[in-house]
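The following paragraphs lead the reader through a protein structure, from its strands to a few individual residues. Please keep the sequence and the model in view while reading.

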Amino acid sequence: MEDSVLYDLPTEFFADMAASHGYCDAQSILPFEGKYLCHCTCGSWDIEAPTRDEGLTLARQHTAETA
Ligand SMILES: [Zn+2]
């Protein structure tokens, strides 16, 4: 019975987490139209990088700044 409640939550739950905590738990770098979209779980880091390596470098800089 409680399962249905849990399944309703994720979207709001994660939005809440990002807004209230902003932890840099993970960064994603996804190829998109010839460039790379970089995103962090903290929700305040969304950039484009020309290469995956540059995305990784920027991700390291980002986590270093916020650690
Ligand atoms: Zn972050």
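What phi does Glu33 take in the turn of the hairpin that β1 and β2 form? Glu33 has a positive phi of about 50 degrees, and the hairpin leaves 2 residues between β1 and β2. The model is a predicted one, in which local features need pLDDT of at least 70 and side-chain atom pairs count only at pLDDT 80 or more, while totals for chains, interfaces and linings use all residues. Residues are numbered from 1 along each chain as its sequence is written.

The protein chain contains 3 helices and 3 strands. Helices (H or I, at least four residues) and strands (E, at least two) are DSSP runs, numbered from the N terminus. Read from that terminus, the order of elements is α-α-β-β-β-α. Of the 67 residues in the protein chain, 7% are buried. A residue is called buried if 20 or more other C-beta atoms lie within 10 Å of its own, exposed if 12 or fewer do, and partly exposed in between, with C-beta atoms placed from the backbone.

The strands form an open sheet of 3 strands in the order β1-β2-β3, with antiparallel pairing. Because β1 and β3 stand at the edges with a single partner strand each, one side of each is left without a neighbour in the sheet. From one strand to the next, the twist averages 25 degrees; such angles run from 0 to 180 degrees between the N-to-C directions of axes, which are lines fitted to C-alpha atoms, for helices over the stretch in contact. Two strands are said to pair if DSSP finds at least two bridges between them.

Strand β1 (residues 27-32) is joined to β2 over 6 bridges. Among the bridge partners, Ile29 is matched with Cys38 of β2, and Leu30 with Leu37 of β2. Since the number of buried residues among the 6 of β1 is 0, this strand lies largely in the open.

Strand β2 (residues 35-40) has two faces: Tyr36, Cys38 and Cys40 make up the covered one, whereas Lys35, Leu37 and His39 make up the uncovered one. In a regular strand the side chains alternate between the two faces of the sheet. On its other pairing, β2 meets β3 in the antiparallel sense over 4 bridges, and here Cys38 has Ile47 of β3 as its bridge partner.

The hairpin of β2 and β3 has 5 residues between the strands, and Gly43 takes a positive phi near 85 degrees there. Gly43 is partly exposed because 16 other C-beta atoms lie within 10 Å. Its C-alpha atom is 8.4 Å from that of Cys24, although the two residues are 19 apart in sequence.

Glu48 belongs to strand β3 (residues 46-49). With 13 C-beta neighbours inside 10 Å, Glu48 therefore counts as partly exposed. Leaving aside residues up to four places away in sequence, Glu48 touches Lys35, Tyr36 and Leu37; two residues are in contact if their C-beta atoms, placed from the backbone, lie within 7 Å. The C-alpha atoms of Glu48 and Tyr36 are separated by 5.5 Å, with the residues 12 apart along the chain. For the protein chain, 22% of contacts between residues at least 6 apart in sequence join residues at least 24 apart.
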